[in-house]
Amino acid sequence: MTVRPVFERSSVLSLRVLPPALLGRGMARRLVERNVIAYRRRWWILATGFFEPFFYLLSIGLGLGHLVGRLHLDGRLVAYAAYVAPGLLASSAMNGALFDSTFNVFFKLKIAKSYDAVLATPVEVGDIALGEVTWSLLRGAIYSFAFMCVMAAMGLVLSGWAVLCFGAATLVSFAFAGIGMGATCYMRSWQDFDYVSMASIPMFLFSAVFYPLSVYPGWLQVVVSLTPLYQGVDMIRELDAGLLTPALALHAGYLFALGLAGMAVAARRLGALLRP
Amino acid sequence: MQHAEARQEDLSASREGRGRPATRDEVVVARHLEKRFGDFVAVDGIDFSVERGEVFGFLGPNGAGKTSTMRMVSCLSPVSGGELSVLGMEPNAHGPEIRRRLGLVPQDDTLDLELSVRDNLYLYGRYFDLPRREVRQRVERLLEFAHLSEKGDEEVDNLSGGMKRRLTIARALISEPELVILDEPTTGLDPQARHLLWDRLYRLKQEGVTLVITTHYMDEAEQLCDRLVVMDKGKIVAAGSPRQLIDTYSTREVAELRFGVDENAAAAERLAELAARVEVLPDRVLLYTDDGDEALRAALGLGLRPEASLVRRSSLEDVFLRLTGRSLVD
């Protein structure tokens with residue numbers, strides 16, 4: 001669990017003690033521009049990321065849903081697919097953000113060493129962190145948008161408030177982009193990426209995407225509810241159902257803080273690695 | 001938009017500056033400059049200054065502290081001690097401002113492997129916040145300059161070593177810098193690629209760009225540099241023009257005699273008085289003298305029969321050998 005230290009950091013504190021270089025110089029958009037140009041030639045790589053959550057929705061939501069039947073959700077009877085869909089939206093936002101903030105950042109940092117070249121320009125480490133996190137977030141947002149279109153087309157949206165799910169999913173992407181990049185800056189070899197799957201796969205399976213948190217004993221509920229994916233799943237599920245509770249703000253704040261903390265850790269680590 | 005225009009004016013102003021004959025203003029000044037990594041001292045209190053428009057060299061073996069010095073000058077690595085001024089500013093405080101006016105050719109090409117040749121240049125220009133149209137024009141000019149016009153749409157990975165190096169140099173020029181720093185620009189290139197690269201560097205010099213070059217090839221330093229310093233173990237051991245250094249630390253000519261591995265030392269003893277200085281290397285004996293042919297004749301007169309011999313002009317290699325007792329390239 002290499003992402004652990006990120007969790008414990010207070011983002012507000014980190015930001016206050018950051019030297020100016022770590023905050024960037026407003027050049028982050030150039031890193032985004034770089035990724036747009038790089039993917040223009042390989043757009044099909046982007047396309048593949050959409051299918052995974054879609055296939056889960058078909059297989060688990062519809063297929064398994066046949067056996068599960070309808071279930072009660074806040075006094076309403078809903079199809080199992082409609083219950084699972086918001087969870088899959090959250091995990092799609094997570095995976096979409098993790099692609100670029102982990103593997104691709106590592107490639108540029110350690111293999112191609114292209115960040116070394118970037119830092120010989122007026123761009124600062126803070127710009128790199130913000131730029132790469134922004135791009136990862138955008139990639140996550142693209143998948144979220146596509147998945148929401150599918151949800152709507154399949155009639156799985158439960159209320160008009162579901163429009164807000166897009167914003168919530170983007171927040172999930174932000175959190176994971178920050179955590180992913182922060183952790184990646186500490187990785188030494190490709191083997192270390194096993195930690196990413198070791199964290200993301202169990203999170204996907206156990207963060208109440210497929211069943212409610214209430215199946216767990218009390219102590220385990222607390223543990224699971226602390227995972228960023230659960231925070232996202234719960235937030236998106238509530239918005240989808242039109243339940244506007246104060247918990248939403250808590251979820252949002254938690255995810256935003258994680259994203260910021262991850263980004264600050266990434267900027268600081270990049271400074272230590274590339275500007276010794 | 002207004003920003004961009006203002007910047008363009010800046011750039012054209014600096015271009016005019018390039019055309020002027022070299023004024024004696026100093027582009028880089030270092031006083032007791034130090035770089036430490038923990039307990040290790042990579043750069044140990046060096047002094048040097050680079051004047052506008054000249055080609056200034058750092059000659060030394062691997063590990064001499066050349067790269068650490070270059071990284072401090074290009075504001076990639078903080079100064080640990082002493083003073084450094086680059087383009088009139090202090091790197092630790094004005095990194096981005098200095099880097100805006102400086103081009104760096106690092107030892108590793110660090111090209112963006114996921115982009116085409118043209119996009120590598122284009123995006124680099126964008127990192128300097130240059131307007132799109134301006135960058136596009138510069139990219140085409142630089143592709144031509146780097147002899148890469150036909151390779152514009154290739155993946156970077158498909159380029160040869162020499163081409164990658166030229167692309168890296170072109171990339172450093174996208175911001176039309178006043179000062180270009182080249183860290184071992186020709187290491188690992190074949191002779192033809194080196195000569196093409198030297199030719200491009202000459203052209204830059206003619207345009208008035210100040211060049212700072214590190215190398216462990218003495219012929220490169222002799223070919224390119226107006227002035228240079230010789231570095232060893234973090235210190236500057238000699239400074240001057242290539243000619244001055246050779247005149248000060250060596251003789252006009254050198255006679256090289258090869259006697260076979262076990263016999264060099266014995267032969268050297270007998271040769272001692274034939275030359276101003278005699279140096280024994282594992283594979284040959286060097287006679288430092290102002291008349292190499294005469295020394296060679298005298299050696300044969302002593303009845304010595306070298307397996308091979310040659311007389312050549314003194315080089316910076318000899319200067320380095322004299323100063324450190326070691327060869328430049330191991």
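## Exercises on a predicted two-chain model

B:Glu184 lies in the loop of chain B that runs between β6 (179-183) and α7 (191-206). The model is predicted, and the exercises below are to be read with that in mind.

**Exercise 1.** Find the sign of phi at B:Glu184, and decide whether the residue is buried or exposed.

*Solution.* Begin with the backbone: phi of B:Glu184 is near 50°, which is a positive value in a residue that is not glycine. Most residues other than glycine have a negative phi. Next, take the surroundings: a residue is buried if 20 or more other C-beta atoms lie within 10 Å of its own. B:Glu184 has 22 C-beta neighbours inside 10 Å and therefore counts as buried.

**Exercise 2.** Carry out the analysis for A:Ala208, stating where the residue is found, what its phi is, and whether it is buried or exposed.

*Solution.* First locate the residue: A:Ala208 is in the loop of chain A between α10 (194-206) and α11 (218-225). Then read its phi, which is positive at about 65°, although A:Ala208 is not a glycine. Finally, A:Ala208 counts as buried because it has 21 C-beta neighbours inside 10 Å.

**Exercise 3.** Name the residues that touch the most other members of the largest nonpolar core, and the helix that gives the most to this core.

*Solution.* The largest nonpolar core holds 155 residues, and those touching the most other members are A:Leu89, A:Ala129, A:Val172 and B:Ile181. Helix α6 (residues 80-111) of chain A gives the most to this core, with 16 residues. To follow one of the named residues further, leave out residues up to four places away in sequence: B:Ile181 then touches B:Met70, B:Val73, B:Ser74, B:Leu102, B:Leu104, B:Val105 and B:Val212. There is also a second, separate core of 15 residues, with B:Leu257, B:Leu271, B:Ala275 and B:Val278 among them.

**Exercise 4.** State which domains chain B is given and how many Å separate their centres.

*Solution.* The domain assignment divides chain B into domain 1 (2-246) and domain 2 (251-313). Taken over C-alpha atoms, the centres of domain 1 and domain 2 of chain B are separated by 40 Å.

**Exercise 5.** Describe the contact between the chains, working from the residue counts to the elements and classes on the side of chain A.

*Solution.* The contact takes 21 residues from chain A and 23 residues from chain B. On the side of chain A that touches chain B, the elements giving two or more residues are α4 (28-40) and α7 (114-118) of chain A, and α4(A) gives the most, with 5 residues. Sorted by class, this side of chain A has 11 nonpolar, 2 polar and 8 charged residues.

Key: Residues are numbered from 1 along each chain as its sequence is written. Chains are lettered from A and ligands numbered from 1 in the order in which they are written. This is a predicted model: local features need pLDDT of at least 70, side-chain atom pairs count only at pLDDT 80 or more; totals for chains, interfaces and linings use all residues. Helices (H or I, at least four residues) and strands (E, at least two) are DSSP runs, numbered from the N terminus. A residue is buried if 20 or more other C-beta atoms lie within 10 Å of its own, exposed if 12 or fewer, and partly exposed in between; C-beta atoms are placed from the backbone. Domain bounds come from an automatic or database domain assignment. A nonpolar core is a set of buried Ala, Val, Leu, Ile, Met, Phe, Trp, Tyr and Cys residues joined through C-beta atoms within 7 Å. Two residues are in contact if their C-beta atoms, placed from the backbone, lie within 7 Å. Ala, Val, Leu, Ile, Met, Phe, Trp, Tyr, Cys and Pro count as nonpolar, Asp, Glu, Lys and Arg as charged, and the others, Gly among them, as polar.
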